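Me: I'd like a close look at one part of this model, and then a walk outwards from there. Here is what I have in front of me.

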Amino acid sequence: MQTIAVLTSGGDSPGMNAAIRSVVRYGIHKELKVLGVKQGYEGLLNADIEEMTLSSVADIIHRGGTKLLSARSERFKTEEGQRKALNVINIFNIDGIVVIGGDGSFRGAEALSNHGIPTVGIPGTIDNDLDYTEYTIGFDTAVNTALDAISKIRDTSTSHGRANIIEVMGRDCGDLALYAGLAGGAESIIVPEVPFDLDRVCNKLLQGRNRGKLHSLIVLAEGVGNAMEIGDQIQEKTGIETRATILGHIQRGGTPSGRDRMMASQMGAKAVDLLIQGEGSMVVGIKGKEIIAVPIAEALKTKTPIDEKTYELADILSK
Ligand code: ADP
Ligand code: F6P
């Protein structure tokens, strides 16, 4: 292994920069040449590649977004696109690749490794939706961004005695809603993994009112439905004035938390070590305190289930 490349792909997440920094600086420490690919797989196809130095990653550990930029590449999903990428990989003498991204990006990494290119994935997504790892880079920052908004909405919810529904990201995974909802003291948390029951949400809201609660917070994961529509349904059923807020892409940016920077730094180094050791079809993650490595194919097999115990706890604590 002499030359490795690093790219960020799919939805960005806070901490991706810290992961790039780790791959570059640890790679150079191990006497590798490290190349940076711009705009994910799209940049690989376009040969948008430059050599990284210690100073290319200076002053980025605390920044959201990704210095290497990200993209979604439909072309790379095709056999023809992948052949073109292999050509570029050969021209640049790339011996191994580190892909930082979510499950879609890992499928791309799997495709590269099936074509004989040693590739290692680092989980970077605010969704925390990869079952093989307890944590994905960006989740903690996104939870805290959502929590900050929820706490502010709680103030005005109390002042006006309204119900407020807050839509957070998460198409198929309710982790962000669950964590931000529990930590924010939401009365109801609506996630894609649990069938949506409008009557249950409304009854809980009314029970709260009966015992004198002024505010009502409902946290909704985007995959279940639209906050405006569900808010209207709640208002119609309960007669309680309801407002809806969609947090959107503010959850994807911002300065990464300490946890995200730590995870990114440790996982970046592990990914480089795996490539050096010739373990070229793996993804890194964390179990307990240990940074782990799992074959890509295995990592993509199962979907993350909702943590039922924590989901029940959120319900009990928000009575
Ligand atoms: P994320 O990594 O955040 O889940 P996406 O699902 O959009 O984001 O995937 C990012 C990119 O990964 C896609 O635009 C595509 O280039 C690549 N990709 C996704 N699925 C595949 C696949 N089955 N084969 C090859 N590349 C894929
Ligand atoms: O995968 C991360 C994620 O933030 C999802 O929660 C969300 O549904 C999606 O990306 C939105 O991505 P974009 O707006 O970039 O298409």
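Which residues of helix H6 (residues 175–183) are buried? Start there, then take me through the ligands and a few single residues.

Reply: Keep in mind that this is a predicted model. In helix H6, which spans residues 175–183, the buried set is Asp175, Leu176, Ala177, Leu178, Ala180 and Gly181. What do those buried residues pack against? Two helices are involved, H5 (139–160) and H11 (308–317), along with three strands: E6 (163–168), E7 (188–190) and E8 (216–221). Past the end of H6 comes Gly185, with a positive phi near 70 degrees.

E6 is a good place to go next. Ala163 belongs to that strand, and with a relative accessible area of 0% it is buried, because anything under 20% is put in that class. Setting aside neighbours within four places in sequence, Ala163 is in contact with Leu205, Arg209, Ser216, Ile240, Glu241, Thr242 and Arg243. If you want a sense of scale, take Ala163 together with Ala85: they are 78 residues apart in sequence, and their C-alpha atoms are 51 Å apart in space.

Now for the ligands, beginning with ligand 1. It has 15 residues around it, and the closest are Arg72, Ser73, Gly102, Asp103 and Ser105. Helix H4 (residues 103–114) supplies the largest share of that shell, with 5 residues. Some of the polar contacts are worth picking out on screen. The side chain of Ser105 places an N or O atom 2.5 Å from an oxygen atom of ligand 1. With Ser73 the partner is a polar backbone atom, 2.7 Å from a ligand 1 oxygen. Gly11 also uses its backbone, where an N or O atom lies 3.1 Å from an oxygen of ligand 1. On its own, ligand 1 has 560 Å² of accessible area, and the protein covers 80% of that. As for where it sits, ligand 1 is in the largest pocket.

Ligand 2 has its own surroundings: Arg72, Ile126, Asp127, Met169, Gly170, Arg171, Glu222, His249 and Arg252. Arg72 turns up here again, having been listed among the closest residues to ligand 1. In the Arg72 side chain, an N or O atom is 3.0 Å from an oxygen atom of ligand 2. Asp127 also makes a side-chain contact, with an N or O atom 2.7 Å from a ligand 2 oxygen. Arg252 brings a polar side-chain atom to 2.9 Å from an oxygen of ligand 2. Of the 400 Å² of accessible area that ligand 2 has on its own, the protein covers 78%. And the space taken by ligand 2 is, once more, the largest pocket.

Back to single residues, with two more buried ones. Thr119 is in strand E5 (residues 119–123), and it counts as buried because its relative accessibility is 0%. Its side chain reaches the backbone oxygen of Ile117 at 2.8 Å. Not counting residues up to four places away in sequence, Thr119 touches Ile97, Val99, Ala109, Leu112, Ser113, Leu275, Gly280, Ser281, Met282 and Ile296.

Gln82 is found in helix H3 (residues 79–91). Why does Gln82 count as buried? Its relative accessibility is 10%, and the cut-off for buried is under 20%, so it qualifies. Beyond residues up to four places away in sequence, Gln82 touches Phe76, Lys77, Ala111 and His115.

Last, a couple of backbone oddities. Most residues other than glycine have a negative phi. Glu31 is not a glycine, yet its phi is positive, about 65 degrees. You'll find Glu31 in the loop between helix H1 (16–29) and strand E2 (33–37). Is Glu31 buried or exposed? It is exposed, because its relative accessible area is 72%. Asp59 likewise has a positive phi, near 65 degrees, in a residue other than glycine. Its place is the loop between strand E3 (49–51) and H3. Asp59 is exposed as well, with a relative accessible area of 51%, so it falls over the 50% cut-off.

Notes
Residues are numbered from 1 along each chain as its sequence is written. Chains are lettered from A and ligands numbered from 1 in the order in which they are written. Side-chain values use heavy atoms; hydrogens and water are left out. Buried means under 20% relative accessible area, exposed over 50%, partly exposed in between (1.4 Å probe, protein chains only). Helices (H or I, at least four residues) and strands (E, at least two) are DSSP runs, numbered from the N terminus. Contact means heavy atoms within 4.5 Å. A residue is near a molecule or strand if one of its heavy atoms lies within 4 Å of it. A polar contact is a pair of N or O atoms within 3.5 Å; within protein, one must be able to donate a hydrogen and the other to accept it, and residues adjacent in sequence count only if both atoms are side-chain atoms. Accessible areas come from the Shrake-Rupley method with a 1.4 Å probe; for residues, only the protein chains shown count as cover. On a 1 Å grid over the protein atoms alone, a cavity is a set of points where a 1.4 Å probe fits but cannot get out, and a pocket is an open set with protein on both sides within 12 Å along at least five of seven lines; lining residues have an atom within 4 Å of a point. A molecule sits in a cavity or pocket if more than half of its atoms lie within 2 Å of its grid points.
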